[in-house]
Amino acid sequence: MSAGQETAPRPLPKPGAPPYTDCWSEEGLLTPDVIATPHGIAFPDEVPLDRDRWGVLWVRRALRRGQGKPVYGTAHTQRQRDVMRRLRCHVCNGPADRDDRGVLWVIEDRRGDWEDWPEGVPTVHPPLCLRCAPRAVRECHYLARTTWVALRVSNPEIVGVYGTVYQLTRGELVPAGRETVRYDDLPALR
Ligand SMILES: [Zn+2]
């Protein structure tokens, strides 16, 4: 896409249109059971698209946006990953707002439990454009129930991934809960 197209005015989304990253009921999980290999977890029928550039295995989901009913509050894995990477607004998929202070983010206010807040604070929420930010804090299943704060991020970085970590226990793979794993934590990534 050219820079000209990137900055052209975008049509307003329909009022109340489901956020771009939310799942639709026809976008079911297609993830097979994970298996253990000497290099970590894998799918038995794995294809290169199943992993990101850091080698992390991602859940598979059907890509059928707009089909069935919106499943509010459940992020579509691939769209979420895409807007994070390209710094798009997760509500309308337009460019996230950026000014000379940085890109606009609205995240949970964790200033009490993060040293050096808000420097380096990780979030799984993608950025927003100015037009969608008010709607996000009003309607987002997560933000609407928490104390939020708007931030400008001068140097956003993809630092990790949030998901299910598996452990091999007596030869069997067991889900060991969900957590954020940094991309420089190689053993955990596997
Ligand atoms: Zn937007």
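Does D100 count as buried or exposed, and how many C-beta neighbours does D100 have inside 10 Å? In this predicted model, D100 has 6 such neighbours and therefore counts as exposed, the cut-off for that class being 12 or fewer. D100 sits in the loop that links β5 with β6. Although D100 and R152 are separated by 52 residues in sequence, their C-alpha atoms lie 9.1 Å apart in space.

**Overall architecture**

The protein contains four helices and nine strands. Read from the N terminus, the order of elements is α-β-β-β-β-α-β-β-α-β-β-β-α. The radius of gyration is 18 Å, close to the 16 Å expected from the globule rule for 190 residues, so the protein is as compact as a globular protein of that length. The C-alpha trace extends over about 55 × 45 × 35 Å along the principal axes. Of the 190 residues, 17% are buried. Among contacts with a separation of 6 or more, 64% are between residues 24 or more positions apart.

**The sheet around D100**

The two strands that flank the loop of D100 belong to an open sheet of three strands, ordered β5-β6-β7 and paired in antiparallel fashion. Its edges are β5 (98-99) and β7 (148-153), each of which pairs on one side only. Strand β6 covers residues 102-108 and is joined to β5 by two bridges, the two strands running antiparallel. In one of the pairings, D99 has G102 of β6 as its bridge partner.

**Helix α2 and the residues after it**

Helix α2 spans residues 77-86, and its buried residues are R79, V83 and M84. Viewed down the helix axis, these buried residues fall within an arc of 135°, so they line one face of α2. Exposed residues R85 and R86 are carried on the face turned away from that buried side. As a general point, an α-helix has 3.6 residues a turn, so residues three or four places apart point the same way.

Helix α2 is followed by L87, which has a positive phi near 55°. Further along, the loop between α2 and β5 contains N93. N93 is partly exposed, as 19 other C-beta atoms lie within 10 Å.

**The β8-β9 hairpin**

Strands β8 (residues 160-169) and β9 run antiparallel and are joined by nine bridges. One of the bridge pairs is Q167 with V174 of β9. The two strands form a hairpin with two residues between them, and R170 lies in the turn. R170 has 5 C-beta neighbours inside 10 Å and therefore counts as exposed. Strand β9 comprises 11 residues (172-182), of which one is buried, so the strand lies largely in the open.

**Backbone angles of note**

Most residues other than glycine have a negative phi, and most peptide bonds are trans. The table lists residues with a positive phi.

| Residue | Location | Phi |
|---|---|---|
| L87 | follows α2 | near 55° |
| N93 | loop between α2 and β5 | near 65° |
| R170 | loop between β8 and β9 | near 50° |

A further feature concerns a peptide bond: the one from W117 to P118 is cis, with omega near -5°. P118 is placed in the loop between β6 and α3 (133-139).

Definitions and conventions
Residues numbered from 1 in each chain as written. Predicted model: local features only at pLDDT ≥ 70, side-chain atom pairs only at ≥ 80, totals over all residues. Pairing = 2+ DSSP bridges. Buried ≥ 20, exposed ≤ 12 C-beta atoms within 10 Å, placed from the backbone. Arc of directions from axis to C-beta. Rg over C-alpha atoms; globule rule 2.2 N^0.38 Å. Contact = placed C-beta atoms within 7 Å.
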